[in-house]
Amino acid sequence: MSEFLLLSRGQWDADRSPEQIQGAIDAFYAWFGEQAAAGVLRAGSRLGTGCRLVTRERVLDGPFTEAKEIIGGYWFITAGSLDEAARIASRNPCLAFGLSFEIRPLEAERASAFRNGNETPSGRAAAAR
């Protein structure tokens with residue numbers, strides 16, 4: 001079994017009432033509780049609205065993405081594969097109300113300049129070997 005990070009993206013549908021959205025939230029917590037009891041999901045957290053971007057030159061206020069790319073929270077999925085993790089996330093009741101979910105495998109291995117990773121410019125790690 002592997003662990004995956006699930007990022008909640010987007011915003012609630014603008015045409016939904018607060019009562020409808022609260023219904024989806026309540027359904028999510030019930031679904032999450034069942035999945036957590038089964039050992040499939042592990043709690044993460046909602047994210048606050050403030051943000052700072054720290055670069056080598058300065059610290060900037062944020063967030064910095066378009067509204068459709070907002071990350072609202074995260075949690076963890078334990079599954080046998082990325083596809084299985086996606087199937088688990090596809091049952092989240094909040095999908096019907098405008099949110100989407102990005103699922104990323106977590107790597108236990110330490111970063112290396114000699115191995116391709118998310119931070120490695122294309123082709124650089126392979127060329128360095």
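**Fold, strand pairing and buried sites in the predicted model**

Of the 129 residues in the protein chain, 23% are buried, where buried denotes a relative accessible area under 20%, exposed one over 50%, and partly exposed a value in between, taken with a 1.4 Å probe and protein chains only. The model is predicted, and local features are therefore reported only at pLDDT of at least 70 and side-chain atom pairs only at pLDDT 80 or more, whereas totals for chains, interfaces and linings use all residues. Residues are numbered from 1 along each chain as its sequence is written, and side-chain values rest on heavy atoms, with hydrogens and water left out.

The protein chain contains 3 helices and 6 strands, these being DSSP runs numbered from the N terminus, with at least four residues for a helix (H or I) and at least two for a strand (E). Read from the N terminus, the order of elements in the protein chain is β-α-β-β-β-β-α-β-α. Contacts, defined by heavy atoms within 4.5 Å, were examined for residues at least 6 apart in sequence, and 70% of these contacts in the protein chain link residues at least 24 apart. The exposed surface of the protein chain amounts to about 9000 Å², of which carbon and sulfur atoms supply 52%; accessible areas follow the Shrake-Rupley method with a 1.4 Å probe, and for residues only the protein chains shown count as cover.

Strand E5 (residues 71-79) pairs with strand E1 (residues 2-9) in the antiparallel sense over 8 bridges, pairing being assigned if DSSP finds at least two bridges between two strands. Strand E2 (residues 41-46) also runs antiparallel to E5, to which it is joined by 4 bridges. Tyr74 in E5 is the bridge partner of Leu7, and Tyr74 is likewise the bridge partner of Ser45.

Within strand E1, Leu7 counts as buried because its relative accessibility is 15%. Apart from neighbours within four places in sequence, Leu7 contacts Ile71, Gly73, Tyr74, Ser100, Phe101 and Glu102. The C-alpha atoms of Leu7 and Trp75 are separated by 6.9 Å, although these residues lie 68 residues apart along the chain. Ser8, which is also found in strand E1, counts as buried because its relative accessibility is 11%. With neighbours within four places in sequence again set aside, the contacts of Ser8 are Ile70, Ile71, Gly72, Gly73, Trp75, Leu99, Ser100 and Phe101. Ile70 is placed in the loop between strand E4 (59-62) and E5 and is classed as partly exposed because its relative accessible area is 27%. The C-alpha atoms of Ile70 and Gln11, 59 residues apart along the chain, are separated by 7.3 Å.

A further buried site occurs in the loop between helix H2 (82-89) and strand E6 (100-105), where Asn92 is located. Asn92 is assigned as buried because its relative accessibility is 3%. Residues up to four places away in sequence not being counted, Asn92 touches Phe28, Trp31, Trp75 and Phe101. A polar atom of the Asn92 side chain lies 2.8 Å from the backbone nitrogen of Cys94.

The second largest pocket encloses about 410 Å³ of space, a volume being the space filled by probe spheres set on grid points that are joined across faces, edges and corners. On a 1 Å grid over the protein atoms alone, a pocket is an open set of points with protein on both sides within 12 Å along at least five of seven lines, and lining residues have an atom within 4 Å of a point. The lining of the second largest pocket comprises 19 residues, and those nearest its centre are Glu107, Ala111, Gly117, Asn118 and Glu119. Two or more residues of this lining are given by each of the elements E1 and E6, and E6 contributes the largest share, 3 residues.

Conventions
A polar contact is a pair of N or O atoms within 3.5 Å; within protein, one must be able to donate a hydrogen and the other to accept it, and residues adjacent in sequence count only if both atoms are side-chain atoms. On a 1 Å grid over the protein atoms alone, a cavity is a set of points where a 1.4 Å probe fits but cannot get out, and a pocket is an open set with protein on both sides within 12 Å along at least five of seven lines; lining residues have an atom within 4 Å of a point.
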